[in-house]
Amino acid sequence: MKKEGLSPIILDAGDLLFTSSVLADSNRESETFRASSILDDNMNYPFDAINVGKYELAGGLDLLQKLINKTKSNFISANLRDSNSGRLLFNPYKIIERNDITFGIIGLTDMVSGEVDGVLQDDYIVSGDQYIMKIKNQVDIIVLMINSARSTYSSLTGLFPLANIILTSGSTMLTRPMMTQVEKGPFLFSSGREGRYLNRIDISLSSKDKTFINRSYYEAKIDYYNRRINRYMDKDPSKSLEIVYKDQPNILESIEASKKDIKRMSFILQESVNTIDFRNVAMDKFIEDDPKVKKFVDETVDRCAKLMNP
């Protein structure tokens with residue numbers, strides 16, 4: 001993206017720093033070194049915002065604060081408080097402007113309650129609504145980063161209808177472009193935990209009075225319906241579908257329904273003004289490594305292994 005002249009907003013929805021929810025004596029040194037390396041300047045880009053999730057607090061609040069003090073990356077949480085003072089432990093949100101678009105990023109979790117000394121978790125739904133209302137007139141796009149169990153994902157878009165994008169962590173679920181979404185948003189995306197993919201979201205905002213269309217969803221669905229119709233045609237390409245399947249009305253009804261959906265979705269894309277384009281970027285051999293970053297990562301992995309097995 002840097003070669004393309006782009007300046008992306010880099011976000012993480014939580015559960016980034018450690019590989020388990022609680023650090024043991026056997027892995028504390030290795031896990032701490034790993035976390036500090038993720039936040040190191042050698043990784044080229046600091047995170048614009050990291051949501052504090054359950055795994056960020058695996059080593060306790062004091063360790064996380066020490067890591068934060070050494071990095072340029074920003075940590076946010078709108079519903080984690082100091083259990084003694086009652087004050088928020090982190091900034092609840094971050095407002096970022098890129099390419100004349102103003103983004104409001106809010107961090108939330110429902111996975112920390114009662115498990116970390118010194119940390120009090122407020123109701124994430126109440127806190128989310130509170131800060132959405134606070135910043136909604138200051139920004140063009142509201143992004144919620146929510147660290148929660150997979151069982152909550154189906155309800156999040158209904159709980160936060162004023163959000164535009166919801167990024168989740170807390171499960172291994174990976175969103176694909178064709179997965180069913182609320183057609184007018186909010187749009188919910190999850191990266192999973194494996195580190196095999198990055199989620200990239202490109203946004204085009206032409207009119208602040210119009211809703212967003214998830215272009216990638218419609219394009220993926222249209223491609224799916226076309227491939228399904230083509231498979232039906234493969235049975236006998238020399239004849240029309242109506243003739244080939246004249247004795248199978250259910251198939252003909254399915255084909256007709258697919259054609260109607262293609263027409264409807266094509267019209268929506270044609271008329272769209274504001275769009276979101278979502279894609280999974282595979283972290284595979286086709287990604288060109290930055291030599292400096294690769295050297296740093298290789299050294300970090302080696303050092304972590306030695307710390308685990310001194």
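Biologist: In this predicted model, what makes the side chain of Asp-123 and the backbone of Ile-125 a polar contact at the start of α3?

Modeller: A side-chain oxygen of Asp-123 comes to within 2.8 Å of the backbone nitrogen of Ile-125. The cut-off for such a pair of N or O atoms is 3.5 Å, so this one counts as a polar contact.

Biologist: And how do you know that α3 has the span expected of a helix?

Modeller: Helix α3 covers residues 124–135, twelve in number, and reaches 16 Å from its first C-alpha to its last. At 1.5 Å a residue the expected value is 16 Å, and the helix is close to that.

Biologist: Why do we say that the buried residues of α3 line one face?

Modeller: The buried residues are Tyr-124, Ser-127, Gly-128, Tyr-131, Ile-132 and Ile-135. Looking down the axis of α3, they fall within an arc of 130 degrees, so they line one face of the helix. As for their partners, these residues pack against β5 (93–98), β6 (101–109), β8 (141–147) and α4 (153–159).

Biologist: β5 and β6 are joined by a loop with Asn-99 in it. Is Asn-99 buried or exposed, and how do you know?

Modeller: Its relative accessible area is 72%, and exposed means over 50%, so Asn-99 is exposed. Its backbone deserves a look too: phi of Asn-99 is near 50 degrees, a positive value in a residue other than glycine.

Biologist: What makes a positive phi worth pointing out?

Modeller: Most residues other than glycine have a negative phi. Asp-15 is another non-glycine residue with a positive phi, of about 65 degrees. Asp-15 sits in the loop between β1 (11–12) and α1 (28–38).

Biologist: Why is Asp-15 called buried?

Modeller: The relative accessibility of Asp-15 is 11%, and the limit for buried is under 20%, so Asp-15 counts as buried.

Biologist: Let's turn to the largest nonpolar core. Which residues touch the most other members?

Modeller: Of its 24 residues, those are Leu-17, Phe-18, Leu-57, Leu-64, Phe-75, Leu-80 and Phe-90. Helices α1 and α2 (61–69) each supply at least two residues of this core, and the largest share, five residues, comes from α2. Setting aside residues up to four places away in sequence, Leu-64 touches Leu-17, Val-52, Glu-56, Leu-57, Phe-75 and Phe-90.

Biologist: Now the aromatic rings. How many aromatic pairs are there?

Modeller: The count comes to six aromatic pairs.

Biologist: Why is the pair of Tyr-217 and Tyr-218 called edge-to-face?

Modeller: The ring centres of Tyr-217 and Tyr-218 are 5.4 Å apart, within the 6.5 Å limit for a pair, and their planes stand at 65 degrees; over 60 is edge-to-face, so the name fits. Tyr-217, at 7% relative accessibility, counts as buried, and Tyr-218 is buried with a relative accessible area of 1%.

Biologist: Then what makes the pair of Tyr-224 and Tyr-225 tilted?

Modeller: Here the centres are 5.6 Å apart and the planes meet at 55 degrees, which is neither under 30 nor over 60, so the pair is tilted.

Biologist: How do you know that Tyr-224 is partly exposed?

Modeller: The relative accessible area of Tyr-224 is 25%, in between the 20% and 50% limits, so Tyr-224 is partly exposed. Tyr-225, with 10%, is buried.

Methods. Residues numbered from 1 in each chain as written. Predicted model: local features only at pLDDT ≥ 70, side-chain atom pairs only at ≥ 80, totals over all residues. Heavy atoms only, no water. Helix = DSSP H or I, 4+ residues; strand = E, 2+ residues; numbered from the N terminus. Expected span 1.5 Å × (residues − 1). Buried < 20%, exposed > 50% of the residue type's maximum accessible area, 1.4 Å probe, protein only. Arc of directions from axis to C-beta. Contact = heavy atoms within 4.5 Å. Polar contact = N/O pair within 3.5 Å; in protein donor to acceptor, adjacent residues only side chain to side chain. Core = buried A, V, L, I, M, F, W, Y, C linked by side-chain atoms within 4.5 Å.
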